[in-house]
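Colleague: Thanks for making time today. Could you walk me through this model?

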Amino acid sequence: MTEVIIAKEKAKEVSFKLLSACYQLPDKDWKTVSLLEGLVQALETANSKAVDSAKKMLEIVEGTEDFTDLQVDFAKLFVGPDRLLAAPYGSVYLDGGRRVMGDSTMAALAFYDKIGLQMSKEQKELPDHIEVELEVMYFLLYKERTLRKEDNAELADAYLADIKEFLTEQIGAWVDAFVGDVEKEAEQEFYKLLADVTRTLIAEEKQRFLNKDLH
């Protein structure tokens, strides 16, 4: 791989890691501006179409001193205590009945075990929370690229297969419905833009990997 391609792939990995953090409650300790500055830089390097929406997110938070409105919208969309307007759990979309901890949640746990990931004791979210699954995308992309660089084709191909499975049966199977709910229900433009960044990144990875043959 050329240095340019490697830089783009590394940037895409970082994009998923930073995007995951955007699904945490925004507050004065959230380092919102620096987080989004990093996301914009990574998306630009990766040549992702999601960069325009990320830039608009950055513009919003740069002009925000009071995060109350964002916090209220965050709670309504993703936390509760009332009915979640955009439940950030795969099982809500994959298992029906707006249930959490369904069969697909257990499937996500089994998948993590297969790829060598253990849920951290500090991780408060369920295994199929959007924040967690974006982190898993980061891990999978990192492993496939680094193993390919080390000429470990067999293991790299195994992770390539895992990426395809995750994009087909986990995050890629429910993200469109989820971000559709976010766009429909969000009162703050910030979260509509976050939905667009999320949809675009996953769509780009589907296009990049689902038609990619094993080496």
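**Buried and exposed residues, core and salt bridges**

Colleague: Glad to have it in front of us. Val100 caught my eye, so to start: is Val100 buried, partly exposed or exposed?

Modeller: Happy to help, and please keep in mind that this is a predicted model. Val100 sits in the loop between α5 (90-94) and α6 (103-114), and joins Met101, Met106, Leu109 and Met119 in a nonpolar surface patch of about 390 Å². Exposed means over 50% relative accessible area and buried means under 20%. Because its relative accessibility is 43%, Val100 counts as partly exposed.

Colleague: And Asp128, is that buried or exposed?

Modeller: Asp128 lies in the loop between α6 and α7 (130-149). Its contacts, leaving out residues up to four places away in sequence, include Pro88, Tyr89, Ser104 and Trp174. The relative accessible area of Asp128 is 1%, so this residue is buried.

Colleague: Which backbone nitrogen does the side chain of Asp128 reach?

Modeller: One stretch to look at is around Tyr89, whose C-alpha atom is 5.3 Å from that of Asp128 although the two are 39 residues apart along the chain. Gly90 and Ser91 are also among the residues that Asp128 touches. At 2.8 Å, the side chain of Asp128 reaches the backbone nitrogen of Ser91.

Colleague: How many residues does the largest nonpolar core have?

Modeller: Phe78, Leu140, Ile171, Phe178, Val182 and Tyr191 have the most contacts inside that core. Tyr191, for one, is in contact with Phe78 and Val182, and among its other partners are Pro26, Leu70 and Phe74. The largest nonpolar core has 58 residues.

Colleague: On to charges: which residue in helix α7 pairs with Lys17?

Modeller: Side chains of opposite charge can pair when their charged atoms come close. Here the N to O distance is 3.3 Å, and a salt bridge needs the two within 4 Å. Lys17, in helix α1 (residues 3-21), is linked to a residue 118 places along the chain. That partner is Glu135.

Colleague: Lys114 also forms a salt bridge with Asp162. Is Asp162 buried or exposed?

Modeller: The closest N and O atoms of Lys114 and Asp162 are 3.2 Å apart. The pair links helix α6, which holds Lys114, to helix α8 (residues 153-169), which holds Asp162. With a relative accessibility of 10%, Asp162 counts as buried.

Colleague: How far apart are the closest N and O atoms of Glu165 and Lys114?

Modeller: Glu165 lies in helix α8 and Lys114 in helix α6, so their salt bridge ties together parts 51 residues apart in sequence. Glu165 is partly exposed, at 26% relative accessible area. The closest N and O atoms of the two are separated by 2.6 Å.

Technical notes: Residues are numbered from 1 along each chain as its sequence is written. This is a predicted model: local features need pLDDT of at least 70, side-chain atom pairs count only at pLDDT 80 or more; totals for chains, interfaces and linings use all residues. Side-chain values use heavy atoms; hydrogens and water are left out. Patches are made of residues with over 30% relative accessible area and no salt bridge: like charges are joined within 9 Å, nonpolar side chains (Val, Leu, Ile, Met, Phe, Trp, Tyr) within 5 Å. Accessible areas come from the Shrake-Rupley method with a 1.4 Å probe; for residues, only the protein chains shown count as cover. A salt bridge is a side-chain nitrogen of Lys or Arg within 4 Å of a carboxyl oxygen of Asp or Glu. Helices (H or I, at least four residues) and strands (E, at least two) are DSSP runs, numbered from the N terminus. Buried means under 20% relative accessible area, exposed over 50%, partly exposed in between (1.4 Å probe, protein chains only). A nonpolar core is a set of buried Ala, Val, Leu, Ile, Met, Phe, Trp, Tyr and Cys residues joined through side-chain atoms within 4.5 Å. Contact means heavy atoms within 4.5 Å. A polar contact is a pair of N or O atoms within 3.5 Å; within protein, one must be able to donate a hydrogen and the other to accept it, and residues adjacent in sequence count only if both atoms are side-chain atoms.
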